[in-house]
Amino acid sequence: MNERYERGLARQRELGGATAVRRRVYDALSDIAPDLHRFAVEFAYGDIHARPGLDSGSRELVILGVLIGLGGVEPQLEAHITTALNVGVAPASVVEAVIQALPYAGFPRVLNAMTIVRRTFAEQNLLPLHQKGEPSL
């Protein structure tokens with residue numbers, strides 16, 4: 001493999017490894033697009049994620065905002081919610097980031113994203129996030 005790929009793999013490991021969701025997405029396409037995974041590792045992780053200037057948590061919050069705005073990217077959203085948690089973004093901050101997208105992405109995309117957040121949090125035993133009667137942030 002090349003230097004970009006190795007740098008990308010190292011960055012993925014720093015972020016908590018490639019999530020099962022991400023692996024399923026690429027594995028499902030490997031019979032028709034075997035290079036797709038390599039492109040993602042080289043470009044997204046080896047070139048972009050490895051850049052200085054933003055800490056990992058901030059970078060993941062930006063990614064979540066973009067994915068919410070795009071809509072229809074549930075597997076990628078789930079993977080990056082998990083990565084955000086892996087790099088230390090607090091669950092309440094993930095929720096707040098999704099809410100922050102509301103005036104820009106609209107209710108349908110934010111509701112869909114929050115559904116993915118809830119499912120991801122449930123899988124990681126992070127619910128309930130708030131106790132009954134306790135105000136959110």
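## A tour of the helices and what follows them

The crossing of α5 and α8 is right-handed, and that is where our tour of this predicted model begins.

**Stop 1: two crossing helices.** Select α5, residues 74-86, and α8, residues 107-123. Packed helices in general are described by two things, the angle between their axes and the distance between those axes. Here the axes of α5 and α8 come within 10 Å and cross at roughly 50 degrees. An angle of 35 to 65 degrees falls between roughly parallel and roughly perpendicular, and α5 and α8 are therefore oblique to each other.

Now show the side chains. On the α5 side, pick Glu-74, Leu-77, Glu-78, Ile-81, Thr-82 and Leu-85. The residues they meet in α8 are Ala-113, Ile-116, Val-117, Arg-119, Thr-120, Phe-121 and Glu-123. Try colouring this contact between α5 and α8 by residue type: you should find seven nonpolar, two polar and four charged residues.

**Stop 2: the largest nonpolar core.** In soluble globular proteins, nonpolar side chains tend to be buried together. Which residues touch the most other members of the largest nonpolar core? Select Ile-68, Leu-77, Ile-81, Val-94, Val-117 and Phe-121, and you have them, out of 20 residues in this core. Next, colour the helices α4 (56-70), α5 (74-86), α6 (91-100) and α8 (107-123), each of which supplies at least two residues of the core. The largest share, five residues, comes from α8.

Stay here and centre the view on Val-94. Leaving aside neighbours within four places in sequence, Val-94 is in contact with Leu-64, Ile-81, Ala-84, Leu-85, Val-89, Val-117 and Phe-121.

**Stop 3: the segment after α8.** Follow the chain out of α8 and select Asn-125, which is found in the segment after that helix. Is Asn-125 buried or exposed? Its relative accessibility is 71%, so Asn-125 counts as exposed. Look at its backbone too: phi of Asn-125 is near 55 degrees, a positive value in a residue other than glycine.

In the same segment after α8 you will find Pro-128. The peptide bond leading from Leu-127 to Pro-128 is cis, with omega near -5 degrees. For comparison, most residues other than glycine have a negative phi, and most peptide bonds are trans.

**Stop 4: back to α2.** Finally, select helix α2, residues 20-29, and find Asp-27 in it. Asp-27 is exposed, with a relative accessible area of 56%. Add His-37 to your selection and draw a line between the two C-alpha atoms: Asp-27 and His-37 are 8.5 Å apart in space and 10 residues apart in sequence.

Key: Residues numbered from 1 in each chain as written. Predicted model: local features only at pLDDT ≥ 70, side-chain atom pairs only at ≥ 80, totals over all residues. Heavy atoms only, no water. Core = buried A, V, L, I, M, F, W, Y, C linked by side-chain atoms within 4.5 Å. Buried < 20%, exposed > 50% of the residue type's maximum accessible area, 1.4 Å probe, protein only. Helix = DSSP H or I, 4+ residues; strand = E, 2+ residues; numbered from the N terminus. Contact = heavy atoms within 4.5 Å. Axes fitted to C-alpha atoms, helices over the stretch in contact; angles between N-to-C directions. Parallel < 35°, antiparallel > 145°, perpendicular 65-115°, else oblique. Left-handed = near helix turned anticlockwise from the far one by under 90°. Nonpolar A, V, L, I, M, F, W, Y, C, P; charged D, E, K, R; others polar.
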